[in-house]
Amino acid sequence: MYKILIADDEQKIREVLREYAEFEGHEVEEAVDGMQAMELAKNGEFDIIIMDIMMPRLDGFSACKEIRKFSSTPVLMLSARGEEYDKLFGFEIGADDYVVKPFSPKEILARVNAIIKRNQTQTIQNEVTIFEGLEINFTARDVKIDGEKIALTPKEYDLLFYLVRNKNIALSRNKLLETVWGYDFFGDDRTIDTHIKMLRNNLGEYRKYIVTLRGMGYKFEV
């Protein structure tokens, strides 16, 4: 059983998602805007937060950004807009997944199960790996460039760690999606490409280690 926070200003959406979640045995709390979602996230332990973007008082993007300052709880964003910019911005501020309305409640619950399962089963190796000035600490989830710690989103950490652990191995986009995101049905190639672009930007000159395999995927090549 998971504890889920559903934040959406549309009562009908909250009711439908609650009904499906409780049918699967999960505990649900509701928030009607971003401010209330942030306060509940501060005062309660949740396994995942399902949050709409367009909400009064404090929008979902802003709420997610604030929540990331004190919590690593997975966030699944909901939006009526499917523009790539919105998805990219959501991932940049730490969202774990992004679903465009209208959606199937069954799909949302499938994504919730996949996200939580991935977080619960993720293994962290007790080691530090260094490639020139790029230092990766798996235990602390730290990445440093020339001695300076850089900030990555949770998904960027997961993606980089998986690439490094499988260095010099060609990894298809489907494999990365299935392993890092925890499912292979709901995502698409653009999810991987967007995060690779973000990760490369953060790695600066050490972006050279992430090699594109045309028509296939990527690999961390050393």
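# Rings, charges and strands: why the labels fit

Author: Going by ring centres, the count comes to 7 aromatic pairs. In one of them, the centres of the Tyr157 and Phe161 rings are 5.9 Å apart and the planes meet at 50°, so the pair is tilted.

Reader: What makes Tyr157 and Phe161 a pair, and why tilted?

Author: Rings of Phe, Tyr and Trp (its six-membered ring) pair if their centres lie within 6.5 Å, with planes under 30 degrees apart called stacked, over 60 edge-to-face, and the rest tilted. The 5.9 Å passes, and 50° is neither under 30 nor over 60, so tilted it is. Ring pairs also link Phe131, Tyr206, Tyr209 and Phe220 into a cluster.

Reader: What am I looking at, and how were the values filtered?

Author: It's a predicted model, where local features need pLDDT of at least 70 and side-chain atom pairs count only at pLDDT 80 or more, while totals for chains, interfaces and linings use all residues. Residues are numbered from 1 along each chain as its sequence is written, and side-chain values use heavy atoms, with hydrogens and water left out.

Reader: How are Tyr157 and Phe161 spaced along the helix?

Author: They sit 4 residues apart in helix α6, which means about one helical turn between them. Helices here are DSSP runs (H or I, at least four residues) and strands are runs of E (at least two), numbered from the N terminus. Tyr157 and Phe161 are each buried, meaning under 20% relative accessible area, with exposed over 50% and partly exposed in between (1.4 Å probe, protein chains only).

Reader: Why is the contact between Lys101 and Asp52 called a salt bridge?

Author: The term needs a side-chain nitrogen of Lys or Arg within 4 Å of a carboxyl oxygen of Asp or Glu. Lys101 and Asp52 come to 3.2 Å, N to O, so the pair qualifies. The two are 49 residues apart and tie distant parts of the chain together, with Lys101 in the loop between β5 (97-100) and α5 (105-121) and Asp52 in strand β3 (residues 48-52). Lys101 and Asp52 are both buried. The structure has 19 salt bridges.

Reader: Which salt bridge joins residues of helix α5?

Author: Glu107 and Arg111, 4 residues apart in α5, so about one helical turn separates them. Their closest N and O atoms are 2.9 Å apart, and both residues are buried.

Reader: How do you know whether Glu132 and Lys208 are exposed or buried?

Author: Glu132 has 53% relative accessibility, so it counts as exposed; Lys208, at 47%, counts as partly exposed. These two form a salt bridge as well, with the closest N and O atoms 2.8 Å apart. Glu132 is in the loop between β6 (128-131) and β7 (134-137), and Lys208 is in the loop between α8 (189-203) and β11 (210-213), 76 residues apart. Elsewhere, salt bridges with shared partners join Arg68, Asp96, Arg141, Lys155 and Asp158 into one network.

Reader: What makes Lys155 count as lying over the face of Trp181?

Author: A charge sits over a ring if NZ of Lys or CZ of Arg is within 6 Å of the ring centre and within 35 degrees of the ring normal. Lys155 is 5.6 Å from the Trp181 ring centre. Lys3 does likewise over Phe46, at 5.0 Å from the ring's centre.

Reader: Why do β7 and β8 count as paired?

Author: Two strands pair if DSSP finds at least two bridges between them. Antiparallel β7 and β8 (residues 142-145) have 4 bridges, so they clear that bar. One bridge partner set is Ile136 with Val143 in β8. They belong to an open, antiparallel sheet of 4 strands, ordered β6-β7-β8-β9. β6 and β9 (148-149) each have a single partner strand, so they stand at the edges with one side lacking a neighbour in the sheet.

Reader: Which strands does β12 pair with?

Author: β12 pairs with β10 (residues 171-172) over 2 bridges and with β11 over 4 bridges. In β12 (residues 217-220), Gly217 and Lys219 on one side and Tyr218 and Phe220 on the other are all buried, so both faces are covered. In the hairpin of β11 and β12, with 3 residues between the strands, Gly215 has a positive phi near 75°.
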